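Thanks for making the time this morning. I would like to walk through one chain with you, going from the strands to the helix packed against them, and then to the core that they share.

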Amino acid sequence: MTTGTGTATGTATVPAQRPAPQPPPELRGRTQIADRVVSKIACCAAAEVPEVREVHLGNLPWTRSSNAEVRGDQAAVRLTVSLAYPSPLRAVAARLRKHVIGRVAAQTGLTVTRLDVTVTDLGGEPP
């Protein structure tokens with residue numbers, strides 16, 4: 001068999017030997033992101049806001065901890081935080097929501113449909 005250059009030393013691929021084309025990426029499978037991963041991303045993002053002194057991660061019986069629930073491509077997040085005093089609570093909560101929603105979307109591709117912020121403590125200066 002000859003190649004397109006006219007030499008007899010090459011090999012040619014026949015159509016039956018070509019690999020079948022792969023389906024588009026969205027049909028090959030799916031990626032699942034665990035609730036715990038989204039919760040960790042949200043907590044790290046919350047800690048990046050200057051007025052946030054602490055993000056409560058643990059499952060202590062006397063405190064509400066931060067968590068997340070993922071359903072399909074949407075997530076609901078609950079954050080429990082301590083803020084520096086004096087901080088304008090509504091303004092800080094609005095910035096916190098915007099920052100966390102953007103971070104979760106950028107890192108996971110999920111849409112945060114609900115983000116609840118619970119402020120449990122005020123005190124000290126911002127870190």
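Let me begin with β3 and β4, which pair in the parallel sense over 10 bridges, and I should say at once that what you are looking at is a predicted model. If you want to find the register of that pairing, Gln74 stands opposite Thr111 in β4, and the bridge partner of Ala75 in β4 is Val112.

On the other pairings of β3, the sense changes to antiparallel. β1 and β3 run antiparallel and are joined by three bridges, with Val55 standing opposite Val81 in β3. Strand β2, residues 67–71, also pairs with β3 in the antiparallel sense, over five bridges, and there Ala68 stands opposite Val77. β2 and β3 form a hairpin with two residues between the strands, and in that hairpin Gly72 takes a positive phi near 65°.

How much of β3 is buried, then? Seven of its 10 residues are, so β3 is largely enclosed by the rest of the structure. Val81 gives a concrete view of this strand's surroundings: leaving aside neighbours within four places in sequence, Val81 is in contact with Val52, Glu54, Val55 and His56, with Leu96, and with the run Val117, Thr118, Val119, Thr120 and Asp121.

Stepping back for a moment to the whole chain, the secondary structure comes to two helices and four strands, and from the N terminus on the elements run α-β-β-β-α-β. The last part of that order includes a right-handed β-α-β unit, made by β3, α2 and β4, and the connection from β3 into α2 is worth a look. In the loop between β3 and α2 we find Pro88, which counts as exposed because its relative accessibility is 53%, with the cut-off for exposed lying at over 50%. The C-alpha atoms of Pro88 and Glu51 are separated by 9.5 Å, although these positions lie 37 residues apart in the count along the chain.

Now to the helix itself. α2 covers residues 89–108, has 20 residues, and reaches 28 Å from its first C-alpha to its last, which is close to the 28 Å expected at 1.5 Å a residue. Its buried residues are Val92, Ala93, Leu96, Val100, Val104 and Thr108. They cover an arc of only 95° around the axis, which puts them on the same side of α2. The general background is that an α-helix has 3.6 residues a turn, so residues three or four places apart point the same way.

What sits over that buried side? The covering elements include α1 (35–47), β1 (52–55), β3 (74–83) and β4 (111–122). The face of α2 turned away from the buried side, by contrast, carries the exposed residues Arg90, Lys98 and Ala106.

At the far end of this helix, Thr108 deserves a comment, since at 18% relative accessibility it counts as buried, the limit for buried being under 20%. Thr108 touches Ile33 and Ile41, not counting residues up to four places away in sequence, and its C-alpha atom is separated by 9.8 Å from that of Thr31, 77 residues apart along the chain. α2 is then followed by Gly109, whose phi is positive, near 80°.

That brings me to the core. Which residues of the largest nonpolar core touch the most other members? Of its 24 residues, they are Val38, Val77, Leu79, Val81, Leu96 and Val100. The elements that give two or more residues to this core are α1, β1, β2, β3, α2 and β4, and α1 gives the most, with six residues. As a general point, in soluble globular proteins nonpolar side chains tend to be buried together.

I will finish with two figures for the chain. Buried residues make up 28% of its 127 residues, and, among contacts between residues at least 6 apart in sequence, 70% join residues at least 24 apart.

Definitions and conventions. Residues numbered from 1 in each chain as written. Heavy atoms only, no water. Expected span 1.5 Å × (residues − 1). Buried < 20%, exposed > 50% of the residue type's maximum accessible area, 1.4 Å probe, protein only. Arc of directions from axis to C-beta. Contact = heavy atoms within 4.5 Å. Pairing = 2+ DSSP bridges. Right-handed = clockwise from strand over helix to strand, strands pointing away. Core = buried A, V, L, I, M, F, W, Y, C linked by side-chain atoms within 4.5 Å.
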